[in-house]
Amino acid sequence: MLERIHLEILTAIKEHGTLTKAADSLHLSQSALSHSIKKLEGLIATPIWKKEGRNLRLTAAGERIQTLSNRVLPQFLHTELLLNQIVKGEMGALRIGMECHPCYQWLLRVIQPYLEQWPDIDMDVKQEFQFGALGALLSYEIDVLITPDPLFKPKIVYIPVFDYEHRLVISASHKLAKQDFVLPEQLSEEVLFSYPVEPQRLDIFSQFLNPAKCSVKKHKNIETTEIMLQMVAAGRGICALPGWLVDEYSKSMPIKSLRFGDKGISKQIFVGIRKTDQNIDYLNDFIAQAKKTK
């Protein structure tokens, strides 16, 4: 029975007092305004306003509707503003899935200035999608995928945000510490620590050991970067991490990094998004911030 236009008309009448001024404020003709209210009065079988000279006075029924207007119209306006911001890419949710376990600390440096720039964007980092987030991106469970190993699909676009070198990490007192690079056969007696990832997805295997038909003595999984590096620093084994991350930890831990072979292993971090989301401003600004953060 009640429509939004009825609420707007009564609010305008309450504010301006006359039919002419109310119609002007709503960009309606006086006849259209009067017709709308007469139709409502017919439905509820009671007058909504009464004339007092040139002015209009709301009846008890009109006052009750106008009270509703005071509560509801601001909510309409606020919701429309939010919808407009969403359409323009000024507001929304950013759910990030990680396929790069050691990149979490880099991501923290991206997030801090980004949240300051976009205070109305909700953000969540989905750790449970580590090492398998492509399906989550395609199914709209996440909006952004951080990965060093993109699997290209027609509906996904990957943007490289920075280059790095994947390096071997050893104790500063390791027998290989004086070398600049390591050869595959030199790791045959080593214990390798890695994140809980399938060996075929680890670059140390796929790009270094397997092509040379070499392996390590033992392979153990450790979930946290800090514990892994503590084990390496204590001489319990070796690991492979991004060079930029090793450089950070080497300032406070007795560790060193070596190149894999004389040419090394070059990598990139990619941000993957759905192609249909390429025009969303807050997504594009996240990618821009990621490119600036090393």
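This is a short tour of some helix crossings, loops and side-chain contacts to look up in your viewer. Keep in mind that the model is predicted.

**Stop 1: helices α1 and α2**

Start by selecting residues 4-16, which form helix α1, and residues 19-26, which form helix α2. How do the two helices sit relative to each other? Their axes come within 8 Å and cross at roughly 125 degrees. An angle of that kind falls outside the parallel, antiparallel and perpendicular ranges, so α1 and α2 are oblique to each other. Turn the view around a bit and check the handedness: this crossing is right-handed.

Now show the side chains where the helices meet. On the α1 side, pick E8, I9, A12, I13 and H16; on the α2 side, pick L19, K21, A22, S25 and L26. Try colouring this set by class: you get six nonpolar, two polar and two charged residues.

**Stop 2: H27, in the loop after α2**

Next, click on H27, in the loop between α2 and α3. Is H27 buried or exposed? Its relative accessible area is 74%, so H27 counts as exposed. Have a look at the backbone here too. Most residues other than glycine have a negative phi. H27 goes the other way, with a positive phi near 60 degrees.

**Stop 3: back to α1, now with α3**

Keep α1 on screen and add α3, residues 30-44. The axes of α1 and α3 come within 10 Å and cross at roughly 115 degrees. That makes α1 roughly perpendicular to α3. Which way does this crossing go, left-handed or right-handed? It is left-handed.

To see the contact itself, select I5, H6, I9 and L10 on α1, then L33, S36, I37 and L40 on α3. By class, this contact has six nonpolar and two polar residues, with no charged ones. You may recognise I9 from Stop 1: I9 of α1 also meets α2.

**Stop 4: A45, just past α3**

Move on to A45, in the loop between α3 and strand β1, which covers residues 49-52. A45 has a positive phi near 60 degrees, and it is not a glycine. With 69% relative accessibility, A45 counts as exposed.

**Stop 5: helices α5 and α10**

Now jump along the chain. Select residues 104-117 for α5 and residues 281-292 for α10. The two axes come within 9 Å and cross at roughly 135 degrees, which makes α5 oblique to α10. The crossing is right-handed.

Which residues of α5 and α10 meet? From α5, show W106, L107, V110, P113, Y114 and Q117; from α10, show Y282, L283, D285, F286, Q289 and A290. Sorted by class, the set divides into nine nonpolar, two polar and one charged.

**Stop 6: D143 and its neighbours**

Hold on to L283, and select D143 as well: the two residues touch. D143 lies in the loop between α6 (134-138) and strand β5 (144-147). How accessible is D143? Its relative accessible area is 8%. The cut-off for buried is under 20%, so D143 counts as buried.

Leaving aside residues up to four places away in sequence, D143 touches A93, L94, R95, L137, G272, I273, R274 and L283. Zoom in on R274 from that list: its side chain and that of D143 are joined by a polar contact of 3.0 Å.

**Stop 7: E248 and R109**

Select E248, in helix α9 (residues 243-249). The side chain of E248 makes a polar contact of 2.9 Å with the side chain of R109. E248 counts as partly exposed, at 31% relative accessibility.

**Stop 8: S188**

Finish at S188, in the loop between strands β7 (181-182) and β8 (191-194). S188 is partly exposed, with a relative accessible area of 36%. Zoom in on its side chain: one of its polar atoms lies 3.3 Å from the backbone oxygen of E185.

What else does S188 touch, leaving out residues up to four places away in sequence? The answer is S215, V216 and K217. For a last check, get the viewer to give you the distance between the C-alpha atoms of S188 and L209: the two are 21 residues apart along the chain, and the separation is 9.5 Å.

Terms used
Residues are numbered from 1 along each chain as its sequence is written. This is a predicted model: local features need pLDDT of at least 70, side-chain atom pairs count only at pLDDT 80 or more; totals for chains, interfaces and linings use all residues. Side-chain values use heavy atoms; hydrogens and water are left out. Axes are lines fitted to C-alpha atoms, for helices over the stretch in contact, and angles run from 0 to 180 degrees between N-to-C directions. Helices (H or I, at least four residues) and strands (E, at least two) are DSSP runs, numbered from the N terminus. Angles under 35 degrees count as roughly parallel, over 145 as roughly antiparallel, 65 to 115 as roughly perpendicular and the rest as oblique. A crossing is left-handed if the near helix is turned anticlockwise from the far one by less than a right angle, and right-handed if clockwise. Contact means heavy atoms within 4.5 Å. Ala, Val, Leu, Ile, Met, Phe, Trp, Tyr, Cys and Pro count as nonpolar, Asp, Glu, Lys and Arg as charged, and the others, Gly among them, as polar. Buried means under 20% relative accessible area, exposed over 50%, partly exposed in between (1.4 Å probe, protein chains only). A polar contact is a pair of N or O atoms within 3.5 Å; within protein, one must be able to donate a hydrogen and the other to accept it, and residues adjacent in sequence count only if both atoms are side-chain atoms.
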